Amino acid sequence: MHLARAVELAARGPAHGPNPRVGCVIVAADGTMLGEGWHRGAGTPHAEPAALADARERGHDVAGATAYVTLEPCSHTGRTGPCTDALAAAGIASVRFAVEDPNPQAAGGGEVLRGRGIDARHAAYAPAAALNRRWLGAVEQGRPWVIVKWAQTLDGRTAAQDGTSFWITGEEARAHAHGVRAEVDAILVGTGTVVVDDPSLSARPPHIEDPHQPLRAVLGLRDTFGAKVWRDDNAIAIRSHDPHEALAALAAREVRTVVVEGGGTVTTAFLRAGLVDEVHAYIAPAILGAGTSAVGDLGIGTMGGALRGRDVTATALGVDTLVTAFFQRGPQ
Ligand SMILES: NC(=O)c1ccc[n+]([C@@H]2O[C@H](COP(=O)([O-])OP(=O)(O)OC[C@H]3O[C@@H](n4cnc5c(N)ncnc54)[C@H](OP(=O)(O)O)[C@@H]3O)[C@@H](O)[C@H]2O)c1
């Protein structure tokens, strides 16, 4: 119950940024809630110090209490001090954390706490891992989490023969895609898409006045300066054809999650390299016959070789349907 509340709190934090979403509830031995906190993004207090501060503001003494945290408390000094220190200094007697921290720099907090006489234990709680699935996957794989997104016709076309792709899907599907952009750290497209479509690659979800704007990345050797993506310095050119190099360049900018938005050449390169964690296919009830395919040759010659997604969802968005699926391993 307390961990469920901690997950609710964690979900208030931003999905983008280098840090995970974390929530913390401090509870007295008699079950009274003493303080709650969540992490609001890089550079702000972690969930545990935020919950301790909340308890202080409410006039509660947390000595002897239990802290329920969605992620193992950190034991390192990053942008803020170690949470293990803050919990120990406050006299917390027990800690239950839902997910072990896979980040080598921050891991081991449970052991540090136990070394200080605190009853710290891992209490696995799947919703906590699900909330940070992309962040956990990025840390475990040592590279940004890759979502590949495209809009297609019923017959799998992402552009007509003349190169036009505006608009395959309707307003609701496009608004949804803008919402996803606001949750990630970067959007990547190939130079071909920049030349043909000149997209702005901004996040414009309805009902969010000032959404987070992801970094815009363009993969390819051609010079596309003058295009809309270069309107400010929140954009990078990655002069390569290698998806691994692209992810390394993004990781150097603290990118944990990237949406690859095409075109087909770049999407195919990421799939061929085995670097796709999640696919978002927006499917319109339209048929083109000729045109560009969503994905090109992957070197798969037989049905048994098909890449199969899991944890599939299908969501109706007006007349269109969004199908999402996870690929590769990623955390369960
Ligand atoms: N429906 C959709 O969701 C959607 C989304 C995006 C685009 N589109 C459509 O897709 C079409 C553009 O497709 P596209 O495949 O040409 O675009 P692309 O994948 O955006 O760009 C391809 C270009 O990127 C560079 N590149 C980067 N990595 C590469 C690699 N590993 N291998 C080869 N080249 C690489 C190459 O150019 P350099 O010579 O510069 O290196 C290549 O010509 C347009 O008609 C657009 O409207 C549709």
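**Spaces, sheet and domains**

Me: How do the residues of the lining of the largest cavity divide into nonpolar, polar and charged?
Reply: Ala, Val, Leu, Ile, Met, Phe, Trp, Tyr, Cys and Pro count as nonpolar, Asp, Glu, Lys and Arg as charged, and the others, Gly among them, as polar. Sorted in this way, the lining of the largest cavity has 4 nonpolar, 5 polar and 1 charged.

Me: What is the volume of the largest cavity?
Reply: This model is predicted: local features need pLDDT of at least 70, side-chain atom pairs count only at pLDDT 80 or more, and totals for chains, interfaces and linings use all residues. Residues are numbered from 1 along each chain as its sequence is written, and side-chain values use heavy atoms, with hydrogens and water left out. On a 1 Å grid over the protein atoms alone, a cavity is a set of points where a 1.4 Å probe fits but cannot get out, a pocket is an open set with protein on both sides within 12 Å along at least five of seven lines, and lining residues have an atom within 4 Å of a point. Pro14, His16 and Arg21 are among those lining the largest cavity, and its volume, the space filled by probe spheres on grid points joined across faces, edges and corners, is about 40 Å³.

Me: How many cavities of 30 Å³ or more does the whole structure hold?
Reply: The second largest cavity has a volume of about 40 Å³. Its lining includes Thr191, Trp230 and Arg239. A search of the whole structure finds this many cavities of 30 Å³ or more: 2.

Me: What is the volume of the largest pocket, and which residues lie closest to its centre?
Reply: The largest pocket has a volume of about 1,100 Å³. Its lining takes 47 residues, and the closest to the centre are Thr193, Asp197, Glu261, Gly262 and Gly263.

Me: How many charged residues are in the lining of the largest pocket?
Reply: Helix 8 (191–197) and helix 10 (264–272) are among the elements that each supply at least two lining residues. By class, the lining has 18 nonpolar and 20 polar residues, and the charged ones number 9.

Me: Which helix gives the most to the lining of the second largest pocket?
Reply: This pocket has a volume of about 640 Å³. Its lining has 33 residues, with Trp135 among those nearest the centre. Helix 2 (47–57) and helix 6 (133–141) each supply at least two (helices, H or I, have at least four residues, strands, E, at least two, both being DSSP runs numbered from the N terminus). With 3 residues, the most comes from helix 6.

Me: Why does the second largest pocket lie between two domains, and which are they?
Reply: An automatic or database assignment sets the domain bounds. Both domains give residues to the lining, so the pocket lies between domain 1 (2–131) and domain 2 (142–326).

Me: What distance separates the centres of domain 1 and domain 2?
Reply: The contact (heavy atoms within 4.5 Å) takes 6 residues from domain 1 and 7 from domain 2. Taken over C-alpha atoms, the centres are separated by 35 Å.

Me: Which strands are the edge strands of the open sheet with the order 2-1-3-4-5?
Reply: The sheet has 5 strands and mixed pairing (two strands pair if DSSP finds at least two bridges between them). Each edge strand pairs on one side only, and the two are strand 2 (33–38) and strand 5 (119–122).

Me: Which residue of strand 5 is the bridge partner of Val95?
Reply: Strand 4 (94–97) and strand 5 pair in the parallel sense over 4 bridges. In strand 5, the partner of Val95 is Ala120.
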